[in-house]
Structures are given as C-alpha cells and as structure tokens.
Amino acid sequence: MEFADEFFVLYLGDEDTAWDALNDDAKAALLMRATLAIDLLDNIKRGFKGEKTSQTQLHAFPRDGEAFVPEKVRMACALEALALADEEGETRRKLRRQGVSGMSVGNASENYLRFGLFDSNTRSRAQVDFSESLASGEAFGLMMEYLDIRGVYAIR
C-alpha cells in the first residue's frame, strides 16, 4: 500500500484521485484483487516466463531466484487496483463478461467489443484479446514483458 500511495503521487501529481478517497482497508482489498488478477495472467498461453522463486510462494512473483517483486509488476498492481476502484468501469466489465454487447439509456447508448479469453460465438480459445485480461490497459502493458505469449495473433 505504501508503494501504491507513493507511486500515485508521482504518477498522478497533485490531482485528487479516487485512490486518495479510499480508506486503508479499501486500498488493501483492491491491491489484493489486483494481485490476484495479475497472478491469473499465468493462465494465458504459456503463462509467465521463468519459474517462481519458491514453489511454496503464494503469488506469481518474484521469479527466477529474485528476492523482490519487480518494480514494473508493483506498478502494474497499483494501476490495476486504481482501475478496479472505478465502480462505473467495473460495472461495464461485468456486463461484458456476461455477454452484454450494448446498452441504451434514453438517447445515449454504448456498444461493447468481445471480452476476455473466450469468443462470444464459439466459446473457444481461438479468439483471444489478452489486453482485456486486466481492468487497466497500462497495467497490462507493463505485464507484457513477463508473459510468454509467443505466436501469431490478429491485431485489432
């Protein structure tokens, strides 16, 4: 939590953020959810590069004998926690996971692209949008270097 607090001061500057409005219990819960979301990236294709430092460790990092979680992974965890704090965004992600392709309220409407690891038509792993695996696009970008996702994928 201390890392996330310090990171957001540098990353967001002086602007008031949703993170600042959270109490410590809420921050801890969001950081735990973010850690779990990052750990679950290990289920994509070949998973993370390398091996856990200790086979008894709870989380995916550190890896390959390192003593600490890499800075980029810690940054990704903080960014993912901030994204998970966005209740409106979370509501949209839940709708997309449930297969909702769009919604309208009055004159306003939204349409959603396919979400996550499964194609909505075939329920197969043939169509994959890995970037939707985390709520934060920045967090996913930081985690890319740790994923072993060699192969050919369609660029959308």
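Colleague: Two strands pair if DSSP finds at least two bridges between them. With that settled, which residue of β2 does Gly-102 stand opposite?
Modeller: Gly-102 faces Asn-111 of β2. Please note that the model is predicted, so local features need pLDDT of at least 70 and side-chain atom pairs count only at pLDDT 80 or more, while totals for chains, interfaces and linings use all residues. Residues are numbered from 1 along each chain as its sequence is written, and side-chain values use heavy atoms, with hydrogens and water left out.

Colleague: In what sense do β1 and β2 pair, and over how many bridges?
Modeller: Residues 102-105 make up β1 and residues 108-111 make up β2; they pair in the antiparallel sense over four bridges. Helices (H or I, at least four residues) and strands (E, at least two) are DSSP runs, numbered from the N terminus.

Colleague: How many residues lie between β1 and β2?
Modeller: Two residues lie between them, and the strands form a hairpin. In its turn, Gly-106 has a positive phi of about 60°.

Colleague: Changing topic: how many salt bridges are there?
Modeller: The count comes to two, where a salt bridge is a side-chain nitrogen of Lys or Arg within 4 Å of a carboxyl oxygen of Asp or Glu. One of them joins Lys-27 to Asp-5, with 3.0 Å between the closest N and O atoms. Lys-27 belongs to α3 and Asp-5 to α1 (residues 2-12), so this pair ties together parts that are 22 residues apart in sequence.

Colleague: Is Lys-27 buried or exposed?
Modeller: Lys-27 is buried, since its relative accessible area is 7%; buried means under 20% relative accessible area, exposed over 50%, and partly exposed in between (1.4 Å probe, protein chains only). Its partner Asp-5 counts as partly exposed at 27%.

Colleague: Which residue forms a salt bridge with Lys-72?
Modeller: Glu-145 does, and the closest N and O atoms of that pair are 2.8 Å apart. Lys-72 sits in helix α4, whereas Glu-145 is in the segment after α6, so the bridge ties together parts 73 residues apart in sequence. Both ends are partly exposed: Lys-72 has a relative accessible area of 37%, and Glu-145 has one of 39%.

Colleague: Why is α4 said to be largely enclosed by the rest of the structure?
Modeller: Because 11 of its 15 residues are buried. Among them are Val-73, Cys-77, Leu-79, Glu-80, Leu-82 and Leu-84.

Colleague: And α3, which of its residues are buried?
Modeller: They are Lys-27, Leu-30, Leu-31, Ala-34, Thr-35, Ala-37, Ile-38 and Asp-39. The cover over these residues includes α1, α2 (18-21), α4 and α6.

Colleague: What does Asp-39 touch?
Modeller: Asp-39 lies in α3, which runs over residues 24-40. Setting aside residues up to four places away in sequence, Asp-39 touches Phe-48, Leu-58, His-59 and Ala-60; contact means heavy atoms within 4.5 Å.

Colleague: One more residue, please: where is Asp-148 placed?
Modeller: Asp-148 is in the segment that follows α6 (137-143). Glu-145 of the salt bridge with Lys-72 is in that segment as well.

Colleague: Is Asp-148 buried or exposed, and with which residues is it in contact?
Modeller: Asp-148 counts as buried because its relative accessibility is 15%. Apart from neighbours within four places in sequence, Asp-148 is in contact with Lys-45, Arg-46, Gly-47, Phe-48 and Lys-49. Phe-48 is thus named twice, as it is also touched by Asp-39.
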